[in-house]
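Thanks for taking a look at this one with me. Below are a few numbered notes to help you find your way around.

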Amino acid sequence: MQGQTQSISFDGREIRLTTGRFAPQAGGSVLVECGDTAVLVTATRSNPREGIDFLPLICDYEERLYAAGRIPGSFMRRESRPPERATLIARLIDRPMRPLFPAWMRDDLQIVATCLSLDERVPPDVLAVTGASMATLLAKIPFHGPMAAVRVGLLGDDFVLNPSYREIERSDLDLVVAGTPEGVIMVEAGGNQLPEQDMIEAIDFGYEAVSELIKAQLNLIKELGIEQVLPEPRVEESALPAFLEKECAKAIGEVLKQFAQTKPERDEKLDAIKAAAAEKIAALKDDDAVKVAVSSNGKALGNTYKSLTKKLMRQQILKEGKRVDGRKLDEVRPIQAAAGVLPRRVHGSGLFQRGLTQVLSCATLGTPSDAQEMDDLNPSNEKTYLHHYNFPPYSVGETRPMRSPGRREIGHGALAERALVPVLPSKESFPYVLRVVSECLSSNGSTSMGSVCGSTLALMDAGVPLKAPVSGAAMGLIKEGDEVRILTDIQGIEDFLGDMDFKVAGTEKGITALQMDMKITGLAVKTVAEAINQARPARLHILEKMLEAIDKPRDTLSPHAPRLLSFRIDPELIGTVIGPGGRTIKGITERTNTKIDIEDGGIVTIASHDGAAAEEAQRIIEGLTRRVSEGEVFSGAVTRVIPIGAFVEILPGKEGMIHISQLSEARVDKVEDVVNVGDQVTVRVREIDNRGRINLTLRGVPQQEPAPV
């Protein structure tokens, strides 16, 4: 089963595309390899569905733990629900692919990427994105491709193409760029407060590599004798668009120019115009072409009305420079921000509102044992900062069943998480596990950036010493031919009817996260740069309003947050602290009423609401792990008496034994003749045997006189 392979090298790293060897019944399949990472990507097309007005595209990313030589840790010992990172990679495939399919397509499409082998030097996600394009070409599915994706890192002053996991950890940038021959179509990035110009240069650097991968795909299908299927424009002949243009355009235009109205008022008026048009259509004769067009497809009226509204809104922006709420193109909506809006039993809270978008973020401080264990292919197996995003139906005035978080909720939470991770304090200086939950209470554009702002407020309210506060703004785009307008702080209708949703988050110093999605087939890097630069004054304006609510982290934590003490012990002595069967550490926690976590590297974290109890636990552990030397003198209490000697606690949790022969210079017949449980004695370390046992002596050691009663 030999296949056809096309190879391309980037900075000494080779990417191989192999076709014709795997999954012969799929519409198209390709094995994408780099190093020892191998991802099989398939694209399959089914018959079109009747009566739908959307593209039924499904993009799945499947992880198999055998790819890393591991057995799943679940009870069933098999993969089940995709882990969060797999869901995010599935979105990474979907976002650049979806806008490349023709608007008229109603065929069921499914793209499945399966990681078959993992090389820890080569992340599989960008390989899966590129493979999705190649598989679609091989399946002869009409789309505006090819498309490819690469990752860009920044080590020192040098950009690195497709960095390894370890390089990503050390990098000041983790950028994924996807593009087509027409330009950039998707950007996903996290940065360590990276200046705008550096981010723009990284995107340009990445797009050059994308262009090479696009050429490789075209060369491969040419060698295979496959002709690319480009979508043909389809114009449905119908009298409905002309009818609505005549009956509704003027009324819709007048509504769009009523800048002082609220979103509900505008929606109500637009719905009324649509309803009036429907009544006129119903009153037409049965043989009228307009009525026939509507009756042949029940959704035709809604889709055509939406297209007309979109056309008029875009014309208003392009020709008059006026948005539906009267704002200038670079103007931000009114902002309200507040911190500490919930009782202090909630460790930290922040409420952020921009226009009709309102997000409540709540922060919780936990102990190291609250970290999330990740059972997936990523080498990093633990998360200490968790950001969860909820989008209830009432936030958009709707009703629907509330289920577990979907891909959108997971994606928005991950974006907000990525925006804040670069400014979190180090684990050594602030050993808490942090969880922030962003509740979207009202949505009218960019709740994800609202989550970033609200979460910054919540974390500062919780007393988390952030390196810098983070704000975010969403940029939009209207493009007709060569005319381009970039919009700052887009609202719902501009996102819905526009061409771009570009989210930019960062501090005053620079960018911490980017996410760009397109509805067109590509955008020049120059235009992407303009959007990034236009976002900066908006971010700083939003940040200024946030700092009016809380300008720095609280000096003290919530009284309900746990108090943590963190210190390091010799890793070789971890077993001493834990004790046989965990008895020692269990005894310490019961004695002090604390919670103790010990990491493999020897970092001990003690959690308690009582600071004195945490300090007592620390003294006990430090005593257990302190190395005792022969000749040292200690004072301690007798804890046990046995026929051959007595035990003395020389340090918290650490005992030594005085043999009966070492109790006195004279012969001792009975231990109790010299010492009893509870007596305070001064002892000297006589020896430490080869099993680590401490032998003490009283001989020749001056004893303190007991205090007078």
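Which residue in β6 does E63 stand opposite?

1. The residue opposite E63 is C115, in β6. Please keep in mind while reading that this is a predicted model. E63 is a good place to begin, as strand β5 covers residues 57–63 and β6 covers residues 107–117. The two strands run parallel and are joined by seven bridges.

2. To get from β5 to β6, the chain passes through helix α1, residues 84–97. The β-α-β crossover made in this way is left-handed, so do follow the path on screen with the definition of handedness in mind: with the strands pointing away from you, a clockwise path over the helix would have been called right-handed.

3. Strand β6 has another partner to look at. Strand β4, residues 37–48, pairs with β6 in the antiparallel sense, over nine bridges. If you would like a single pair to locate, try V41, whose bridge partner in β6 is A113.

4. Now step back to the whole protein. There are 15 helices and 29 strands, and the C-alpha trace spans about 125 × 65 × 45 Å along its principal axes. The protein has 709 residues, of which 52% count as buried. Taking contacts between residues at least 6 apart in sequence, 69% join residues at least 24 apart.

5. A word on the surface and the charges. The exposed area is about 33300 Å², with carbon and sulfur atoms supplying 49% of it. The side chains include 85 positive and 99 negative ones, and the centres of these two sets lie 3 Å apart.

6. Is N444 buried or exposed? Its relative accessibility is 4%, so N444 counts as buried, the cut-off for that being under 20%. You will find N444 in the loop between β17 (433–442) and α10 (447–461). Beyond its neighbours within four places in sequence, N444 is in contact with K263, R333, L356, T357, I490, Q491, G492 and I493.

7. For a contrast, visit E428, in the loop between α9 (407–420) and β17. With a relative accessible area of 53%, E428 is exposed, because the cut-off for that word is over 50%. Which residue should you look for 140 places along the chain from E428? That residue is R568, and the C-alpha atoms of E428 and R568 are separated by 9.7 Å.

Note on methods
Residues are numbered from 1 along each chain as its sequence is written. This is a predicted model: local features need pLDDT of at least 70, side-chain atom pairs count only at pLDDT 80 or more; totals for chains, interfaces and linings use all residues. Side-chain values use heavy atoms; hydrogens and water are left out. Helices (H or I, at least four residues) and strands (E, at least two) are DSSP runs, numbered from the N terminus. Buried means under 20% relative accessible area, exposed over 50%, partly exposed in between (1.4 Å probe, protein chains only). Contact means heavy atoms within 4.5 Å. Two strands pair if DSSP finds at least two bridges between them. Accessible areas come from the Shrake-Rupley method with a 1.4 Å probe; for residues, only the protein chains shown count as cover. Lys and Arg count as positive and Asp and Glu as negative; His and the chain ends are not counted. The place of a charge is taken as NZ of Lys, CZ of Arg, CG of Asp or CD of Glu.
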